[in-house]
Every structure is written in C-alpha cells, then in structure tokens.
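Biologist: I'd like to learn how to read a model like this one feature by feature. Could you walk me through it?

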Amino acid sequence: MDEIGNLFALGLDTIRATFRRPFATREALDQFWFVVSVSWVPAMLVAIPFGAVIALQLGTLTIQVGAQSFTGAASVLAVVQQAAPIVTTLVIAGAGGAAICADLGARTIRDEIDAMKVTGVSPIQRLVVPRVLACMGAAVLLNGLVSVVGVLGGYFFNVVVQGGTPGAYLASFTALAQISDLWVGELKAVIFGFIAGVVAAYRGLNTRPGPKGVGDSVNQSVVITFLLLFFVNFVLTTLYLQLVPGKGA
C-alpha cells in the first residue's frame, strides 16, 4: 500500500510541477524525440498483426451470423478504441519507459538526484515532468499512426485473405463508428502515456543501489505499467460505454 500511495503522490506532484516555471522545454523536446524514435517502428510492426487478428476473427464471426457487411465497422471500433492505445503504450513502456527508468535509476545510484535536492533543484520539475510529457505526446501521435496501420492491416486481411468486398468494408465504417470513438482512443493514449511515464520515473527514482537494482527497477516498471494499463483500460471502456450510447442505440 505504501508503494501505491507513493506512486500516486508522484503522479500528483508531476501534475502540479507541470504548471510551474521554469519549464525544461529543451529536455522535454529531446525526450519526446527519443521516445518517438525508439517506439514508432515497433508500434507499426505490432499494429499489423493486431489488425490482422481482429479482422480475421471478426470476419469469421460476422460470416457465421450473416452480418458480413459490418466487418469493417467492427474492426475499426476494435482497433481505434482498444488495440491502438494499448499497443502504443505497451511499446512506449517497453522501449521509451524502460530507457527513462534506467536513466533515472543510474542518476539515483550515482547520488545525482540527492545532489539536485541539496542545491534546491526539484528532480520532479527538472527530470520527471519533461519525460512524462514526452511519453504523453508520443502516445497521442503514435496512437494515430497505429490506428491507421491497424485499420489498413485489417482491410488487407479481410479483403485479400477472406475474400471480403472492399466497398462493403469501407462503407460500413460509418454504420457503427462515430467521432467519439476516435476521441476516446486519443484520451486513453494520453492517460496511458501519463501512467507509463510516471511509473518509469517512480521506479527510477526509487532504485536500489548497484547495477542489479537498476535492472530490477526497469523490469518492475514495465510489468507494473502493463498491469495498470489493462486495469485502467477496463475502467475507461466501462465508463465510455455507459456514458456514450452506441450508434443506433
């Protein structure tokens, strides 16, 4: 419980420090570019099989129930609402988040964090905030990229592999999908990026001494992010389905 409370407190401190000056603009831009550069290729490569599996599964199901014309709409909803934010954050946590945790962990065991506190510099404002904002910004941009790649992958496998009709696949987009589905996907990406950045920073700032401590912190940050990701996704999806009625409901 203490760990959960400390993690939550770091998240609140990060939000408060975001609006304080001076803001480390250069650091935030550098971290943003780093996270995007190490995440965009793996995110695209992971999005293709995700979109393919969703399209193949839904295509088979819709054929069995006689609703093949809705395959495109169902695939788009699954990719945009669920798969894209999750894939994006998993990649960011595994690539960018792990690097952030290792960097802060190395600074911690070298007593650089304590030295910053002694000199009156806030490690949260100087180091944590830029990295968390970088993860959030990268998650938003990569979420759009993953959504496009996932939808295109689903289209290819449904039309080419399963013999679906291209026109029916594209025309069904507007049957069930609505603009709020895109917004909730982007909102999830922002929240998930925040979680990935905060967890990576927390484990990095609370690293045990020695190289083994840094390695353990990196592993823990990835695992904790994955667990929180699926739990928060469940909560957000439940709230969205309760508050926003589906098209035709």
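Modeller: Sure, and let's start with how helices get their labels: a helix is a DSSP run of at least four residues, and the runs are numbered from the N terminus. Keep in mind that this is a predicted model. With that labelling, Phe-226 sits in helix H9, which covers residues 211-243.

Biologist: How many helices and strands does the protein have?

Modeller: There are 9 helices and 0 strands. Reading along the sequence gives the pattern α-α-α-α-α-α-α-α-α.

Biologist: Back to Phe-226, then. Is Phe-226 buried, exposed or partly exposed?

Modeller: The general idea is that buried means under 20% relative accessible area and exposed means over 50%, with partly exposed in between. Phe-226 has 29% relative accessibility, so it counts as partly exposed.

Biologist: And which residues is Phe-226 in contact with, leaving aside its neighbours within four places in sequence?

Modeller: For contacts, look for heavy atoms within 4.5 Å. By that reading, Phe-226 is in contact with Leu-90 and Ala-93 once those sequence neighbours are left aside. You can also follow the backbone: the C-alpha atoms of Phe-226 and Gly-94 are 9.3 Å apart, although 132 residues separate them along the chain.

Biologist: Let me try a residue in another helix. Where is Gln-81 found, and is Gln-81 buried or exposed?

Modeller: Gln-81 belongs to helix H3, residues 71-109. Its relative accessible area is 10%, so Gln-81 is buried. Not counting residues up to four places away in sequence, Gln-81 touches Val-76, Asp-181, Val-184, Lys-188 and Tyr-240.

Biologist: What about Ala-139?

Modeller: Ala-139 lies in helix H5, and with a relative accessible area of 0% it is buried. Skipping residues up to four places away in sequence, Ala-139 touches Thr-88, Ile-92, Ala-189 and Gly-193. The C-alpha atoms of Ala-139 and Val-36 are separated by 8.5 Å, with their positions 103 residues apart along the chain.

Biologist: Those are single residues. What share of the protein's 249 residues counts as buried?

Modeller: That share is 44% of the 249 residues. For contacts with a separation of 6 or more, 85% come from residues 24 or more positions apart. On the outside, the protein exposes about 12,500 Å², and carbon and sulfur atoms supply 71% of that area.

Biologist: How many disulfides does a search of the whole structure find?

Modeller: The thing to look for is a pair of cysteine sulfur atoms within 2.5 Å. Here the search of the whole structure turns up 0 disulfides. As for cysteines you can inspect, Cys-101 is buried, at 1% relative accessible area, and Cys-135 is buried too, at 0%.

Biologist: Now the empty space. Which residues lie nearest the centre of the largest pocket?

Modeller: A pocket is an open set of grid points, whereas a cavity is one the probe cannot get out of. In the largest pocket, Ile-4, Leu-7, Phe-8, Val-199 and Leu-228 lie nearest the centre, out of 19 lining residues. The elements giving two or more residues to that lining are helix H1 (2-18), helix H8 (179-205) and H9. The space in this pocket is about 500 Å³, and its lining divides into 15 nonpolar, 2 polar and 2 charged residues.

Biologist: And which elements each supply at least two residues to the lining of the second largest pocket?

Modeller: Those are H1, helix H4 (112-118), helix H5 (123-161) and H8. About 220 Å³ of space lies in the second largest pocket. Among its lining residues are Asn-6, Leu-10, Asp-114, Lys-117, Pro-123 and Tyr-202. By class, the lining has 7 nonpolar, 3 polar and 2 charged residues.

Biologist: That leaves the cavities. How many of 30 Å³ or more does a search of the whole structure find?

Modeller: The search finds 1 cavity of 30 Å³ or more. The largest cavity has a volume of about 30 Å³. Its lining includes Ala-47, Phe-50, Val-79, Val-87 and Val-146.

Biologist: Which helix gives the most to the lining of the largest cavity?

Modeller: H3 gives the most, with 4 residues. Helix H2 (25-65) and H5, like H3, each supply at least two. The classes come out as 7 nonpolar and 2 polar residues, with no charged ones.

Terms used. Residues numbered from 1 in each chain as written. Predicted model: local features only at pLDDT ≥ 70, side-chain atom pairs only at ≥ 80, totals over all residues. Heavy atoms only, no water. Buried < 20%, exposed > 50% of the residue type's maximum accessible area, 1.4 Å probe, protein only. 1 Å grid on protein atoms, 1.4 Å probe; cavity = no way out; pocket = protein on both sides within 12 Å on 5 of 7 lines; lining within 4 Å. Points joined across faces, edges and corners; volume = space filled by probe spheres on them. Nonpolar A, V, L, I, M, F, W, Y, C, P; charged D, E, K, R; others polar. Areas by Shrake-Rupley, 256 points an atom, 1.4 Å probe, with all protein chains shown as cover.
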